[in-house]
Amino acid sequence: MIDRLEKEVDMLERHLQVLKMVIENEPIGIVKMSNETGYPHHKVRYSLRVLEEENLIEPSSQGAIKTERTAEFVDELDDKIDDIGDKLEDMKIEDVAEIEG
């Protein structure tokens with residue numbers, strides 16, 4: 001049950017790392033991103049496709065570049081991650097002693 005969430009978080013981490021590289025180094029290509037992150041080309045390509053579908057990046061002849069929507073997304077990101085973290089914190093089962101009986 002929790003494994004699927006863990007995989008989704010790992011994938012989100014990769015997508016956000018790729019987005020950060022685009023923001024900091026635009027335009028940037030798949031090969032450079034793969035070399036710098038250590039992710040295989042196909043995983044970088046998938047992250048780029050997801051980010052493009054979300055209108056956070058767009059392709060150019062020189063590589064991926066950010067869009068007008070990127071800044072707004074980044075501004076909202078930390079609050080959304082904090083909210084999700086709070087929800088996860090609330091889900092913890094603290095008192096295992098009561099269950100063991």
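**Exercise 1.** In this predicted model, characterise the second largest pocket: its volume, its lining residues and the elements that supply them.

*Solution.*
1. Start with the volume. The second largest pocket has about 160 Å³.
2. Take the lining. It holds 14 residues. Nearest the centre lie Ile 30, Leu 48, Glu 52, Pro 59 and Ala 64.
3. Assign the elements. Helix 2 (30-37), helix 3 (41-53), strand 1 (57-60) and strand 2 (63-66) each give two or more residues to this lining.
4. Sort by class. The lining splits into 7 nonpolar, 3 polar and 4 charged residues.

**Exercise 2.** Do the same for the largest pocket, and find which element gives the largest share of its lining.

*Solution.*
1. The volume of the largest pocket is about 350 Å³.
2. Its lining counts 13 residues, with Val 9, Leu 12, Lys 80, Ile 81 and Ile 84 closest to the centre.
3. Two or more lining residues come from each of helix 1 (2-25) and helix 4 (70-91).
4. Helix 4 provides the largest share, 7 residues.
5. By class, the lining has 9 nonpolar, 1 polar and 3 charged residues.

**Exercise 3.** Which residues form the nonpolar surface patch, and is Leu 88 buried, partly exposed or exposed?

*Solution.*
1. List the members: Ile 2, Leu 5, Val 9, Ile 84, Leu 88 and Met 91. Together they have about 570 Å² of accessible area.
2. Locate them. Helix 1 and helix 4 each give two or more residues to the patch. Leu 88 sits in helix 4.
3. Classify Leu 88. Its relative accessible area is 38%. Buried means under 20% and exposed over 50%. Leu 88 is therefore partly exposed.

Definitions and conventions: Residues are numbered from 1 along each chain as its sequence is written. This is a predicted model: local features need pLDDT of at least 70, side-chain atom pairs count only at pLDDT 80 or more; totals for chains, interfaces and linings use all residues. Side-chain values use heavy atoms; hydrogens and water are left out. On a 1 Å grid over the protein atoms alone, a cavity is a set of points where a 1.4 Å probe fits but cannot get out, and a pocket is an open set with protein on both sides within 12 Å along at least five of seven lines; lining residues have an atom within 4 Å of a point. Grid points are joined across faces, edges and corners, and a volume is the space filled by probe spheres set on the points. Helices (H or I, at least four residues) and strands (E, at least two) are DSSP runs, numbered from the N terminus. Ala, Val, Leu, Ile, Met, Phe, Trp, Tyr, Cys and Pro count as nonpolar, Asp, Glu, Lys and Arg as charged, and the others, Gly among them, as polar. Patches are made of residues with over 30% relative accessible area and no salt bridge: like charges are joined within 9 Å, nonpolar side chains (Val, Leu, Ile, Met, Phe, Trp, Tyr) within 5 Å. Accessible areas come from the Shrake-Rupley method with a 1.4 Å probe; for residues, only the protein chains shown count as cover. A salt bridge is a side-chain nitrogen of Lys or Arg within 4 Å of a carboxyl oxygen of Asp or Glu. Buried means under 20% relative accessible area, exposed over 50%, partly exposed in between (1.4 Å probe, protein chains only).
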